[in-house]
Structure formats: C-alpha cells, structure tokens
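Biologist: Please take a close look at one part of this model, a single helix and its surroundings, and then work outward to the loops. Which details of the backbone and the side chains would you point to?

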Amino acid sequence: MRDDADETVHYDKPSGGWGSVRGISLIAGKEKVSPGALDTLRRQNKPGGFMCVSCAWAKPASPHPFEFCENGAKATLWELTSRRCTPEFFAEHNVAELKTWRDYDLEQQGRLTHPMRYDHASDKYVPVSWEEAFRAIGDELRALEPKSTVFYTSGRASLETSYLWALFARLYGHNNLPDSSNMCHETTSVGLKKVIGSPVGTCVLDDFEKCDAIFFFGQNTGSNSPRFLHPLQEAKRRGCRIVTFNPVQERGLIAFTNPQSPVEMVTGKETEISDLYFQVRPSGDIAAILGMCKHVLAREERQWAERQHHLIDVDFIAQHTHDFDAFAAMVKATPWEEIERESGLARADLEAAADIYCEAKNVIGIYGMGVTQHVHGSQTIGTLINLLLLRGNIGREGAGISPVRGHSNVQGQRTVGISEKPELVPLDALKKLYGFDPPTEKGMNTVEACEGILAGRVKAFLGLGGNFVRAIPEREKMEAAWTDMRLTVQIATKLNRSHLINGQVAYLLPCLGRSEEDMQASGAQIVTMEDTMSCIHGSISRRTPASEHLLSELEIVAGIAKQTLPANPKVQWDEWVGDYAKVRDLIEATYPDEFADFNARVFTPGGFYRGNAARERVWKTESGKAEFTLPETLNASGFDDAPGRYRLITLRSNDQFNTTIYGYSDRLRGIEGTRDVLLMNREEMAKAGVAEGQVVALVSDAEDGVHREVGGLVVTPFSLPNGCVAAYYPEMNPLMPLSHHDRLSKTPAAKSVPVRIKADAR
C-alpha cells in the first residue's frame, strides 16, 4: 500500500482485526493441519492447557476465549503441520543442493521423523537408530576435552529439559552454556542487574491495570508479542497514556482492532495506542531519555522554587538510590543541542513526553531488542532506570521496568541454570545433590563460542533447538570454520540451515514438539516454562506425535548423557525421564526459595510468581541501593557518523519468529512477496543517488578491514529517520562483525550496524 502524501510503503490499517485472521488462515492452509490443531489453539495459554512456543508474554489467570495471537497461532500450526521430512527426502537431496534452498523452503519440508547421521562420502543424511546415535555421540564426547565443547540452548526448551541440560554440561565438566538470551536480552540480564540488582523486569501483569503512563522503547508489540495489545487497549480505555520511541512506525503501537471483539470486527473500530510516537534515531534512546530527565529536573527546580513542593520523589531517592547528585549534575551539564542531534528529536517533543511522565503517578517502562542490541545497550537500560527512579517508579504497584522477552522460555532457562557464569548458579546445591565438584571456570557465551570456533578451540557443538548458524553475526566466516569441528549435534523439529553446516561427525536428532503428547513410564508428562514477568506455567499436550520415532527433548538429553558420563548413583536419568515431576523436585531442591511446592503449583491460574527482590525494593547491587548511572555517551551505536555511512536496523517481519520464516508477507509494513529489500526514506534516497526499485548491495563499514557484503536488495521508500536504513534479519547477519556487540553483555548489536550502499554488480 502507498501513502499518497509521501509515497512510502506502509500499512494503513490497525494491527489485529481481519488482517490477523487472514494471516492465521493462510498458514493453516499451507501447513494442512488436522482438525486437532484447533483444539490445541482453543487450549493455548490457558490454565491446565498448552503453553505457546512463540513469545514469552504473560498468560492471564482469566484468559480470553481465544488466548492466542497471530504469531502464536502460526507457531502452533507450523509445529502441527501435516508435512513430513522423512529419510526418503534426504535420500533424494544431498546437503550441497539443500544449501542452495531458501530458509523458508527448508522448513516447509515439514517435521523431521527419524534420527539421521551425516554421511560425508555421499554428502547426505542417512537414517540411524537412536541407540547408535547416542552411543556414537557419547564416544566422541568422552574423547574430547570437555571445555572444548559447547552446549547451546534455544529459547523454547522446557524448564525440566533446560535444568538437565545444564546439569549434564556441568557433570561433563564445563559451563559452556550459551543460549538465545545471549543474542537478544543478555543486555537486560547484565544491565538491569547492575542498576537494580535484578536480571529481569519488576512488573507483573496486574501492574498494567494500575499504571497511568507507559513508555515504550524499541519494542514492536504488534509483531513480537501481540497478546500484549489487550492490556494496552484496556489501559488506554481507562485513561492511561502511552508514549512510544521507535525508529520505525510499528502499527501495533499506533492502532489496534481487537479480534476477540465481535463489535470491533464488524464495525472496524480501532483503538489508538500511542498518544505520542517519536521516530528516534537508531541508538539515540540514551539522548532521548536524558532529554526527558533534563526536563523533569528543570520542572523540579521550578516547582520547588515556586511552591516549595517536590516533583521528584526525594524520600525514595534518599533512602533507596545511590549517586543521584552526580547524575543530576551530568544532566544539567548536557546541552540540549547535543541531545537533539543524537536523538534526532526536537526539544519540545522530548519535553512533551517528559510532561506526561511528570503528570503520571505510576509509570511503566517497556523496552525490547531495539534497546538491548546496541554496543552501549546496557547504558540505555541504565538511563531508562534513571528516569524511573526520579519519581520512585520502581518497586510499587502499577510501576516498574518491564523488558519484553522473546522466545517462550528464554528467561526460564537462565533461572534453572543455563548460564556460562558459574557465580549465577548454586554450585553448592548441585554438589550436595549429585555428589560432584561442579566446574567453576567461566564458560563461553554466544560470541565467545563463535570466537572459539573461528580459532579452532571449540571441537564440538551440541544444539538443543534453534538455528544457531543462521542467527549469529559473521555468518560466512562462521560457516567456513564450522566444518572444522569434530562433532556437531542438532536437536530439532524441522530442517533449517544450521543442519546443513556439519562437523566431521554430525547427527540430526528429531524431537517432540511442545504441542505433542509426551508419554513416558508414568504417563502423559507436563512441562513448565517461565514468562517474561517471572511467572511459571505448566503445559500439557494432547496431539499425536508427528512420528513414532520421535523422542522428547528431555529423553534425548538423557540418552546422550548416559552414554557420555560415568555411572553416578545420585544421577538417575532413566527415573527422571520416566516422570518429569521428579525433575521438578530437583529444581525445587536446587532453588528452594523460588520453586517451593513446585509440583503443587504447576497449574496455578496466571502462573505462580517466583519473586523479585527489586519489586520489594531490596536492591542486590554493590551499593545495596538502586544505582543512578552516568551514561558515557549519548550515542549507543559504538561508532561515529561519517559521510556515506548509515546505521542499519535489522527487522523481523510480521510473517516471522526469530529465524523461522512463515511466509513472505510483512503485512504490517505493507511489504509483500519478498524479503530482499532495503528500506530508506526518500530524502536519504536522493542524497545517495538511488532510485525506488534499484537493486543495490550493502557493505560493512566497520573499521576492521574485513569485506562483508549482502547484495540483491531492492531500494524501497519507507518512513525512517535520516541517517539510517533497514533490512531483514537474519539475511543481514553477514554484515555484522562478531566484535560488534554490547560492551557489557556481548549481545550482538544488530539494531545499529555501520554500512554503506553500493551498486549491485549482479
């Protein structure tokens, strides 16, 4: 669709509505799902039901009749497809051929049905028995130095599987446990912990019923967590004001038609979500937030002088915070000219946003990967906390910080031990429970694992789900180095590109999906996960597995572990596989404060809350108080502007979740049938001398001497701030140096990558 005013590609309808219904229907048709899939959707995200494998948004205690969103439905239908990727398929296609296929076409082959071994001589996957696969993998692992191996976890594995995966790694002898959090919200885990002592957000779902204002930074609710739109709509109806900062105008934060409402569906009625929407420059959030803080402190000074009444919460600041005076002095000394230049926003706009903050009693700060995936993303988080601390908006009802996590259990995995940092894991409890000395040496996170593979130090990679090779930076160099590893093992439900880049010994092991019935010795099994608000939910499924040859993730982990580790009377893999409740007992024994009465509370409506000290105003920081921090820069990108240099924003489409591509419709941005686009505003197009429809290439402008290039991109006019361009993830990952990451967390800085535009030679 085109805007007559500026002729940029866009979508002028609200998020939700009939567009979401059509999007779900298209996926259902392509996947040819059985009628049983409808029953799964009916039970999705409800107490005693099936927990979505897509995003980690909260599950309400009193759910809607249909408690799923467009992307959640797509994820379920994608998993319950009738398509099958069988040994016959692999007999027909060698790996060299499959490498030429699009990611979408690989996954469209359907569910993997048999364990497979890669055969180098034929360049094909061949069937293998589970017993042979486990034995061979165990033999390989026993022959390797444990610290030369990496055990990766995607964000969907259950708490039970994640706990045993981490235990397996430590019993084997390492803490090399990178996970998908390292690629998205590790900046939260490090940045928040530094300033409030908690690695996760402080809000719960009820807070959204009591807040007066919500400030969004770099989070695309309409595509990434659409069920969030329901509490936002309800908040708007009771008068809550919403202010959004995002370089891209995302429809989900502009307008919403509720598919649950027959009246809205019939009449087309929509709710305006954002009162103010500012297209901040990529990496300009620090400047924008600092500008608001500057106005808040200026109002405080005037109000005290005129009325002897404080605007800021001086009692809270005195009792609960550290270093306020230094921060206030820094804010006062920062010129508005610098703030406007780095944010790309006018002073008057930032003051208008700050006035909404000042007039609201209870404020919630929301952010996503548009904040975390920058070189100085941690400093952006610290600056946002500064704003909230000014008026005591941490540690009380209706207020707080609420990062929106991505994959369904990515937060929970860290809770139960998936961490490369041994200081975050109760090693003494593990020693007592299992009678061994857990390794204390820091392990590798995602970036460090990639560095180890490039250097030849990593000899084996075991992937519990995900599409690691496709998701990481520096993809071309990584794919070339990947094949030098001795062993690669991928546990998965569908074929993806990572399964085509193999070590000298390679196995592809198919597992049950969360939507499928998991029958073990004690009967049908329950699994659990943690949502973005630290609530734990149980999930039980009824669908018939895609193949009789599939094993659960937990059973696969146990099968490999038994063949790798020496016998230990305190480690009962078979017993744990037979009854997952016993694994939950182990989690409770390891983390007694957070998981007390775990099995009894599995199906608590709305989940059971595992607690958060910062919510109670107990600050587990170095000073014992919440920290005001002084940002070292107003530009979070980590590089300077230069003639011809752009800040590249990587985007996910409406038809995508992480690296999974459901189709080629980015409906909410008005882009259909392709992902090979370069989005930029018309002013920048004119400056660059490129025309709409012209095919160009992007080249890396990192100052490291390495040539990186992605071509075949069609120039497409789009509403963006000056100085930046946008294109899709993961296609743009080859442009991102491995060294381009948040300085504290090493999260890849995918939201502001230095690039130049050149003519495509093809």
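Modeller: I start at the end of a helix: just after α8, Gly173 takes a positive phi of about 130°. This is a predicted model, so every value below is computed from predicted coordinates. The mean pLDDT of the protein is 93, and 98% of the residues reach 70 or more. Residues 1–5 have a pLDDT below 50, and beyond near neighbours in sequence this stretch has 15 contacts in the model. Where pLDDT is low, predicted coordinates should not be read in detail.

The helix itself, α8, runs over residues 159–172. From the first C-alpha to the last, its 14 residues reach 20 Å, close to the 20 Å expected at 1.5 Å a residue. Of the 14 residues of α8, 14 are buried, so the helix is largely enclosed by the rest of the structure.

The surroundings of α8 can be described through the nonpolar cores. The largest nonpolar core holds 63 residues, and those with the most contacts inside it are Tyr163, Phe168, Leu509 and Trp573. Helix α8 supplies the largest share of this core, 10 residues. Apart from this core lies another, of 56 residues, which includes Phe245, Ile286, Ile289 and Phe324.

Tyr163 can be followed residue by residue. Leaving out residues up to four places away in sequence, Tyr163 touches Val416, Leu430, Leu433, Tyr434, Val583, Leu586, Ile587, Thr590 and Tyr591. Leu430 and Tyr434 are also among the buried residues of α21 (residues 427–434), together with Leu427. These buried residues cover an arc of only 55° around the axis, which puts them on the same side of α21. An α-helix has 3.6 residues a turn, so residues three or four places apart point the same way. Asp428 and Lys432, on the other side of α21, are exposed. The cover over the buried residues of α21 includes α8, along with α26 (573–578) and α27 (580–590). Helix α21 is followed by Gly435, whose phi is also positive, near 65°.

Positive phi also turns up at residues other than glycine. Most residues other than glycine have a negative phi, and most peptide bonds are trans. Asp323 is not a glycine, yet its phi is positive, about 75°. Asp323 sits in the loop between β12 (321–322) and α15 (324–333), and at 36% relative accessibility it counts as partly exposed. Arg617, likewise not a glycine, has a positive phi of about 60°. The loop between β22 (608–609) and β23 holds Arg617, which is partly exposed with a relative accessible area of 21%. As for the peptide bonds, the one from Tyr729 to Pro730 is cis, with omega near 5°. Pro730 belongs to the loop between β32 (724–728) and β33 (753–759).

Some loop residues are buried. Gln373, in the loop between α18 (369–372) and α19 (377–390), is buried, with a relative accessible area of 5%. A polar atom of the Gln373 side chain lies 2.6 Å from the backbone oxygen of Met183. Setting aside neighbours within four places in sequence, Gln373 is in contact with Met183, Cys184, Thr747, Pro748, Ala749, Ala750, Lys751 and Ser752.

Asn635 can be read in the same order. This residue lies in the loop between β23 (626–627) and β24 (646–651), and at 10% relative accessibility Asn635 counts as buried. The side chain of Asn635 has a polar atom 3.1 Å from the backbone oxygen of Phe639. Not counting residues up to four places away in sequence, Asn635 touches Ser283, Glu342, His376 and Arg647.

The last loop residue is Thr483, found between α24 (475–482) and β16 (487–492). At 36% relative accessibility, Thr483 counts as partly exposed. With residues up to four places away in sequence left out, Thr483 touches Ile501, Asn502, Gly503 and Gln504. From Thr483 to Ala506 there are 23 residues in sequence and 9.8 Å in space, C-alpha to C-alpha.

To return to the helix of the request: α8 is largely enclosed by the rest of the structure, supplies the largest share of the largest nonpolar core, and is part of what covers the buried residues of α21.

Key
Residues are numbered from 1 along each chain as its sequence is written. This is a predicted model: local features need pLDDT of at least 70, side-chain atom pairs count only at pLDDT 80 or more; totals for chains, interfaces and linings use all residues. Side-chain values use heavy atoms; hydrogens and water are left out. Helices (H or I, at least four residues) and strands (E, at least two) are DSSP runs, numbered from the N terminus. The expected span of a helix is 1.5 Å times one less than its number of residues. Buried means under 20% relative accessible area, exposed over 50%, partly exposed in between (1.4 Å probe, protein chains only). A polar contact is a pair of N or O atoms within 3.5 Å; within protein, one must be able to donate a hydrogen and the other to accept it, and residues adjacent in sequence count only if both atoms are side-chain atoms. Contact means heavy atoms within 4.5 Å. pLDDT is the predictor's confidence in each residue, from 0 to 100. A nonpolar core is a set of buried Ala, Val, Leu, Ile, Met, Phe, Trp, Tyr and Cys residues joined through side-chain atoms within 4.5 Å. The arc is that of the directions from the helix axis to the C-beta atoms.
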